[in-house]
Amino acid sequence: MDADSPDDSSALIPYTGADALATRSAVVHARTELARRRAELERVQAEQRADLERQRKELEEKFAQAHADLMARIAPLEAQLKKMAEVLWTVDLYLGRDETLQLIRDGKPASADTPITLRQKVLVMAEESLILMGGRKTGMTSDNIPEFVDWLCADPEHLDRVLPEQKGVVVLIPTRVASRSGNMFEDASRDASNQRSYWLLRNGERLYLLTVDPDLRIFDRVLPRRREFVEVFDKRLFGFGGTFGEPVRPGSDEWFELEKMADARRRHYMRIMLVLQGIVDRTPVWHPLPAAGVNFMSVKDQDAGRIELIQDDEDSIQLGEGGETFAAWQRRLNGLLRPGLRVIGNWNTLEFSEKYIEGDRWTRGRHPRIHPGNAEYPDSNVPHLIEGRRDGGFVIRYGRAEKIYKRNQPVPGKPGWVYRGETAVEAQQRASCVVKPDDSWVLPFDLVTTTELEKFLYSRQERSNHFLSMVPTVRAALEAKKAEADQEVDFRDLIGRLLIMEGADADGIGEVVDDLVHWWKLAHTWTKPLNGSGAHEKKAADQIVAEFRSRERVKGDASTDVAVATGIQIEGVIAIAADRQGRWNAYVPSPGAHEPGIYLDVTRIRRNGTLGKTTKWQALTQRTASILNVAWSTPEWDGWRFGANPRQHLTEPERAELIEEARQRAVGVPIVVIEKWDPRYPADRALVTYSWTKDGTQSPSDAEAVPARDILSWHHERDDVTAALFRVVRDDDGSPELTVGDFNDFGVSSSFSHFSGGSKWGDTPWWPDDAKDTWDSRPRLVWSDEAMLDQLADYRNRCAALAKEQDDARREFEGAAQRYVPAVLELIRARQLAKVRERFEEDFGTNADDLWDAHVKSLQLRDPLHQREIWGIVAIALKHGEPVVGRTLQELSDSARAHGNQAPGEWHPGPGGVVPGEYGDVTVPEPTAENDEEMG
């Protein structure tokens with residue numbers, strides 16, 4: 001029968017009517033023949049597939065070669081076309097092909113000699129509208145540009161805030177905030193519109209709005225830095241011929257040669273200049289111009305003053321000598337809060353709202369800062385008075401506008417009748433909210449000044465997301481302060497006249513009055529406008545005038561110079577000031593303080609220039625500090641925490657006594673004492689002592705090492721080092737003392753190896769003070785026995801070394817046992833194949849060797865014994881010094897059970913044995929070679 005003929009297996013099995021053995025023999029013969037035919041067809045099919053694959057690869061190679069040849073010919077053409085397109089685009093920018101220029105306000109132009117100013121910083125209309133515009137705008141998009149233009153033209157002051165120069169240009173984009181409509185195509189379109197640049201051009205009273213080709217996208221800076229500008233536009237640096245320092249002519253070969261040499265960023269700057277030069281050459285926007293003309297690409301025109309570049313994106317505009325950011329300024333002043341002062345905040349921020357705890361079917365939702373927990377939030381952007389302290393913070397209280405539900409309420413008009421169910425009624429008691437110094441949504445209303453608020457509001461350098469979220473609150477604080485000042489206008493006018501009579505300069509008297517009124521309110525915790533009681537206001541006026549006299553007396557007092565000259569010689573001095581009695585003192589941060597900004601050493605300075613007594617560890621109150629006449633100070637004095645509560649802090653003498661007590665009360669030999677204190681919960685403080693307590697030893701150097709890589713971590717339940725936590729509390733007279741505390745209350749671990757903060761002793765229970773990426777509440781080291789720490793580090797190293805030694809020995813032992821496994825497996829596999837061969841010959845006959853390999857492959861045989869099982873019983877025998885070679889697997893299995901199956905590694909034979917009887921008689925041969933194969 002031909003191999004390609006249709007299958008007819010019946011022809012291979014003639015029915016003879018013979019016995020079963022004869023029939024089986026015939027079937028075996030027929031099956032073998034069919035298997036051969038199938039194998040032949042599979043071979044032919046494989047050859048055809050291989051031939052087709054070869055042809056496919058040859059065709060692909062030919063195609064790839066032809067494609068490469070074609071691309072090699074096309075590439076130069078594409079490069080030329082790309083260059084031509086770029087050239088055309090660049091020239092079109094100069095010619096203004098895709099630009100629009102709109103006159104948005106007419107008027108008198110500036111003179112010809114007025115320089116044209118180009119501002120580097122790209123402004124954002126949304127931010128400018130949020131910061132500068134009146135009302136309660138929350139920003140804008142490209143749809144609101146007409147509103148922005150109307151605002152610019154409405155008042156000269158508005159324009160001067162955005163572009164103050166008489167001739168100039170500033171670039172704006174609508175917003176940087178991405179659209180989130182939910183439609184990806186709509187969002188992409190809106191984002192493209194919102195990021196398009198709008199160029200505001202000014203010439204005296206005239207204003208133009210320019211838009212250019214959208215492909216010229218501008219985000220951060222319009223100008224390169226000065227050095228970059230010279231390198232790009234002054235062709236002297238590129239070695240071209242021609243007049244020394246001559247500007248590059250747009251569209252010339254030299255221009256495009258410069259573009260070729262410059263990188264992409266510089267080409268971007270060049271095109272911006274090209275747009276502006278096109279405005280100069282093609283339009284009357286900046287006319288009249290100087291007789292010599294103006295060239296934006298000429299360094300010589302810059303040096304001559306015809307072009308001015310303002311690098312306002314590089315210059316740092318910061319408040320105060322310390323260069324405080326808004327966040328740092330806010331955090332510092334919030335640290336000075338105390339009862340009696342007012343705060344203003346935005347309680348609708350995500351940071352406050354996300355603290356809300358959702359309710360379930362059994363309990364109502366609540367906010368942990370609010371009482372009652374389900375009460376409405378305080379009104380945002382209005383001042384609230386701090387009335388007390390609670391939970392490590394300050395309490396404000398406010399009326400509730402929402403109704404509450406109560407049972408058994410009287411029925412109107414029916415005496416004695418009540419509603420049995422819940423009835424909505426007006427809340428009679430005020431709600432309260434806890435404010436904490438680190439709340440980012442709160443400003444200390446009475447501690448900020450209008451000058452500070454305005455400086456931050458109008459500083460374009462302060463545009464962080466946090467500041468932008470606080471802008472409504474800043475504006476509300478400004479309006480509230482101005483409204484309060486308007487109510488005090490008569491009182492302030494009186495104070496001004498009184499101060500002028502005392503010799504104050506009439507120019508700037510408003511700022512002097514504002515400063516003194518601000519001082520008086522802080523000193524007397526006065527949170528109301530001074531427009532009420534005449535007698536009280538007279539007392540306030542007398543005290544303000546007295547303060548002015550005191551300040552003036554200090555300025556004119558000859559002792560001032562003596563005090564300053566003497567005081568600045570004191571090491572570490574941060575302020576020199578006179579008190580209300582005219583006594584001079586120098587203020588130095590108390591040395592060794594673990595909590596900076598709290599305690600001061602105060603040294604008396606006598607009028608003759610000698611030093612008097614030093615009173616150490618003094619915590620000044622805000623009121624005391626406010627009445628000092630400071631003649632000299634450093635920025636550190638301005639950031640001092642005068643409002644800190646001394647009961648929540650420790651002087652170093654107090655800390656030293658507590659540390660000694662903690663050491664004495666600890667069990668064992670003390671090694672270190674750490675301190676845990678969280679500024680968010682200032683009333684909670686703990687000292688933790690870690691002591692050596694291993695039985696029979698006095699120090700880690702006496703202890704015998706045990707195999708462990710992290711011997712002192714929570715992974716090992718040992719008594720080598722024991723931790724004891726003591727809570728710091730104040731007794732009735734205010735003295736600090738220790739009581740036993742709970743580790744869980746302070747989030748401190750009882751294990752020694754807890755933090756990897758970079759200590760020379762390795763992992764420790766504290767963070768070094770100079771460690772990076774740590775937090776304010778990190779545990780800190782306050783006492784240590786460095787000799788014990790050195791011994792402890794050595795003990796841990798010895799334990800780790802012993803663990804490594806054992807691991808190495810275990811790996812070596814495992815490798816030795818593993819050497820026997822491959823040969824044993826080979827014997828088992830051979831026996832397994834012999835059984836399969838016997839079965840194969842029964843099914844296919846003895847003349848079917850050509851089908852054997854395919855048959856074995858189809859069975860997908862697996863090892864009847866896992867190599868780990870063989871390794872285990874061999875390893876147990878080796879461990880107990882027993883011979884392995886020449887013994888059967890059954891003998892090794894019985895021996896393993898007798899030894900309790902104790903062997904290195906993760907797996908051990910079970911008590912019932914692991915070797916099936918049919919392979920138990922396999923004898924272990926000599927290992928033929930090293931075998932490092934990992935066991936699966």
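Me: Before we look at any helix, under what relative accessible area does a residue count as buried?
Reply: Exposed means over 50% relative accessible area, and partly exposed covers the values in between. Buried residues sit at the low end of that scale, under 20%.

Me: Good to know! This is a predicted model, so how much of the protein counts as buried?
Reply: Yes, the model is predicted. The protein has 936 residues, and the share of them that count as buried is 43%.

Me: How many helices and strands should I look for?
Reply: Try following the chain and picking out both kinds of element. The protein has strands, 27 of them, and the number of helices is 26.

Me: What share of the contacts with a separation of 6 or more joins residues 24 or more positions apart?
Reply: Here we take the contacts in the protein with a separation of 6 or more. Among these, residues 24 or more positions apart make up 67%.

Me: Let's put the first definition to work. Which residues of helix α3 are buried?
Reply: Helix α3 runs over residues 145–154. Its buried residues are Ile-145, Phe-148, Val-149, Trp-151 and Leu-152.

Me: Why do these buried residues count as being on the same side of α3, and what arc do they cover?
Reply: Picture looking down the axis of the helix. The buried residues lie on the same side of α3 because the arc they cover around the axis is only 160°.

Me: And which residues are exposed on the other side of α3?
Reply: Turn the helix round to see its other side. The residues exposed there are Pro-146, Asp-150 and Ala-154.

Me: Is Pro-156 buried or exposed?
Reply: Pro-156 belongs to helix α4, residues 156–162. Its C-alpha is 9.0 Å from that of Glu-205, although the two are 49 residues apart in sequence. The relative accessibility of Pro-156 is 56%, and over 50% means exposed.

Me: Which class does Val-489 fall into by its relative accessibility?
Reply: Val-489 is in helix α14, residues 489–501. Its C-alpha is 8.5 Å from that of Asn-531, with their positions 42 residues apart along the chain. A relative accessibility of 48% is neither under 20% nor over 50%, so Val-489 counts as partly exposed.

Me: Now for aromatic rings. What kind of pair do Phe-326 and Trp-329 form?
Reply: The count comes to 15 aromatic pairs, and Phe-326 with Trp-329 is one of them, at 5.6 Å centre to centre. Their planes are 45° apart. That angle is not under 30 degrees and not over 60, so the pair counts as tilted.

Me: About how much of helix α10 separates Phe-326 and Trp-329?
Reply: Both residues are buried, and both are in helix α10, residues 326–334. Since they are 3 residues apart in the helix, the separation is about one helical turn.

Me: Which residue joins Phe-326 and Trp-329 in a cluster of ring pairs?
Reply: Ring pairs link three residues here. Besides Phe-326 and Trp-329, the cluster holds Phe-456.

Me: At what angle do helices α23 and α24 pack?
Reply: Helix α23 covers residues 821–844 and helix α24 covers residues 852–859. They pass in a right-handed crossing. Their axes are 11 Å apart, and the angle is about 120°.

Me: Which residues of α24 take part in the contact with α23?
Reply: From α23 come Leu-833, Val-836, Arg-837, Phe-840 and Phe-844. Arg-837 also lies over the face of Trp-852, at 5.0 Å from the ring centre. The α24 residues in the contact are Trp-852, His-855, Val-856 and Leu-859.

Me: Which residue lies over the face of Trp-871?
Reply: Look for the residue at 4.4 Å from the ring centre of Trp-871. That residue is Arg-868.

Me: Which residue follows His-287 through a cis peptide bond?
Reply: The bond has omega near 0°. The residue is found in the loop between α8 and α9. Its name is Pro-288.

Me: Is Asn-381 buried or exposed?
Reply: Asn-381 is in the loop between β9 and β10 and has a positive phi of about 65° although it is not a glycine. Its relative accessibility of 18% is under 20%, so Asn-381 counts as buried.

Note on methods:
Residues are numbered from 1 along each chain as its sequence is written. This is a predicted model: local features need pLDDT of at least 70, side-chain atom pairs count only at pLDDT 80 or more; totals for chains, interfaces and linings use all residues. Side-chain values use heavy atoms; hydrogens and water are left out. Rings of Phe, Tyr and Trp (its six-membered ring) pair if their centres lie within 6.5 Å; planes under 30 degrees apart count as stacked, over 60 as edge-to-face and the rest as tilted. Helices (H or I, at least four residues) and strands (E, at least two) are DSSP runs, numbered from the N terminus. Buried means under 20% relative accessible area, exposed over 50%, partly exposed in between (1.4 Å probe, protein chains only). A charge sits over a ring if NZ of Lys or CZ of Arg is within 6 Å of the ring centre and within 35 degrees of the ring normal. The arc is that of the directions from the helix axis to the C-beta atoms. Axes are lines fitted to C-alpha atoms, for helices over the stretch in contact, and angles run from 0 to 180 degrees between N-to-C directions. A crossing is left-handed if the near helix is turned anticlockwise from the far one by less than a right angle, and right-handed if clockwise. Contact means heavy atoms within 4.5 Å.
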